[in-house]
Amino acid sequence: MNLPYLFRTVLYFTVLSMLLIACQSAEPEATVSQATAVPPTAVPPTETTVPPTDTPEPTAIPLPTATATETPISTPTTEPTITPTPELMFTQLLTIDNKPGSLKDPGGIAVDSQDNLYVWDAGHSRLLKFDSEGTLLETRDNKGSGDGEFNSLGFGGIAIDANDNLFVVDNGNFRIQKFDSEGNYVTQWGSEGREDGQFVRAIGIAVDSDGNVYVTDDGRPEVQVFDNDGNFLRLWGGFGFDDGDFQHPTGIAVDAEGNVYVADYNNKNVQKFDAEGNFLLGWGMTVESYGTPEGIGIDADGRLYITDYDRARVEVYEADGTFTTAWEGGEDGRFNRPVAVAFDSQGNIYISNQRGNTIFKFAPPPLP
């Protein structure tokens with residue numbers, strides 16, 4: 001028997017068997033690794049692109065709420081539209097300039113309860129009456145010193161009380177004349193001099209709610225006060241530069257509370273007094289410190305409209321002297337020596353334009 005041969009044969013088959021066993025145990029491992037590495041169907045796409053709902057990260061990330069970017073974008077764009085600064089517009093409604101002939105140095109103006117406009121045509125020593133559309137209704141042009149006649153120094157004021165009585169500064173005759181609502185002569189008072197009730201160069205005139213009449217006079221720089229029939233009541237002022245003093249008092253107006261405002265052409269200020277003449281406050285023109293206040297009008301809200309004679313503008317103030325706005329004219333051109341202001345029942349504004357020989361009418365501006 002050949003033992004070496006048999007031994008080699010057994011060894012050969014033994015080794016071969018061990019190799020086969022090793023190969024069989026290695027195949028399953030290879031199959032598992034391939035399936036894990038390349039999963040054609042084993043892992044669905046939805047599981048890889050959309051994380052499970054119980055994972056907190058997706059809900060915490062939501063780029064969402066772009067609230068952080070929306071807030072800063074909206075704030076600057078809305079602010080200008082929410083709080084715009086309105087541009088004040090003074091709309092011109094009409095111009096009176098040739099009724100009849102031509103106006104010459106128109107001075108005081110006043111409006112009655114029917115919204116008729118009275119104009120003191122000082123250069124012609126006559127009084128004109130217009131309706132609210134600018135149509136001439138009446139002319140009083142008798143020059144002289146008799147009752148109802150006029151002799152103007154080329155300037156002067158007029159005023160109307162609550163009963164539509166008209167008061168005219170007839171300064172060339174050193175007097176004040178009173179007419180009723182029908183234009184009939186009622187009375188007069190004054191003479192030349194410096195005593196109580198006398199005048200040197202009367203200019204401005206105003207009436208309070210009780211019918212008392214206030215007159216400025218730059219020839220004797222004082223304010224004189226009379227009752228409705230011309231009886232002297234009191235005076236205040238005097239030449240000077242301090243509070244309560246005057247150099248060249250011109251325009252005068254009384255508000256609903258009885259406070260009196262006086263424009264001073266030379267001192268270049270406006271002073272406010274109580275009804276007894278006690279000084280309350282004063283201020284200068286705002287737009288131009290060298291402006292020359294001339295006429296004063298007070299609207300239904302208590303605002304003061306003050307004409308600046310030399311700087312050709314009208315400035316608006318609150319009753320405490322706070323500056324509001326100003327304007328220089330309308331569609332027919334800028335002001336030229338504006339001297340007086342009046343208001344009708346609708347709040348429309350009339351401006352007497354002395355050197356322009358015109359009267360302008362404006363719609364009320366959109367003031368706060």
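Is Ala 326 buried, partly exposed or exposed? Ala 326 is partly exposed, because its relative accessible area is 28%; buried means under 20%, exposed over 50%, and partly exposed in between, with a 1.4 Å probe and protein chains only. This residue lies in strand β21, residues 323-327. The C-alpha atoms of Ala 326 and Glu 315 are separated by 4.2 Å, although the two residues are 11 apart along the chain.

Before we go on, a word about the model. It is predicted, so local features need pLDDT of at least 70 and side-chain atom pairs count only at pLDDT 80 or more, while totals for chains, interfaces and linings use all residues. Residues are numbered from 1 along each chain as its sequence is written, and side-chain values use heavy atoms, with hydrogens and water left out.

**The whole chain**

The protein chain has 4 helices and 26 strands; these are DSSP runs numbered from the N terminus, with helices (H or I) of at least four residues and strands (E) of at least two. Of its 368 residues, 46% count as buried. The chain exposes about 19,000 Å², and carbon and sulfur atoms supply 53% of that area, which comes from the Shrake-Rupley method with a 1.4 Å probe; for residues, only the protein chains shown count as cover. Take the contacts (heavy atoms within 4.5 Å) between residues at least 6 apart in sequence: 43% of them join residues at least 24 apart.

**How confident is the prediction?**

The average pLDDT (the predictor's confidence in each residue, from 0 to 100) is 81, and 74% of the residues score at least 70. Residues 1-7 stay under 50 and have 1 contact beyond four places in sequence. Over residues 19-87 the pLDDT is below 50 too, and this stretch has 3 contacts beyond near neighbours in sequence. Where pLDDT is low, the predicted coordinates should not be read in detail.

**Nonpolar cores**

A nonpolar core is a set of buried Ala, Val, Leu, Ile, Met, Phe, Trp, Tyr and Cys residues joined through side-chain atoms within 4.5 Å. The largest one has 16 residues, and Ile 96, Phe 130 and Tyr 350 are among those with the most contacts inside it. At least two residues each come from β1 (92-96), β2 (106-111), β3 (117-121), β4 (126-130) and β24 (338-343). The largest share, 3 residues, belongs to β24. Another core, of 13 residues, lies apart from it and includes Val 314 and Phe 360.

**An open sheet and two loops**

Four strands form an open sheet in the order β6-β7-β8-β9, with antiparallel pairing; two strands pair if DSSP finds at least two bridges between them. The edge strands, β6 and β9 (185-189), each pair on one side only. On average, neighbouring strands here are turned by 20° against each other, direction ignored. Inside the sheet, β7 and β8 pair over 5 bridges, and Asp 170 stands opposite Arg 175 in β8.

Two loop residues have a positive phi although they are not glycines, and the table sets them out.

| Residue | Loop | Phi | Relative accessible area |
|---|---|---|---|
| Asp 164 | between β6 (158-160) and β7 (166-170) | about 65° | 14%, buried |
| Phe 174 | between β7 and β8 (175-179) | about 55° | 21%, partly exposed |

Why does Asp 164 count as buried? Asp 164 counts as buried because its relative accessibility is 14%.

Technical notes:
Axes are lines fitted to C-alpha atoms, for helices over the stretch in contact, and angles run from 0 to 180 degrees between N-to-C directions.
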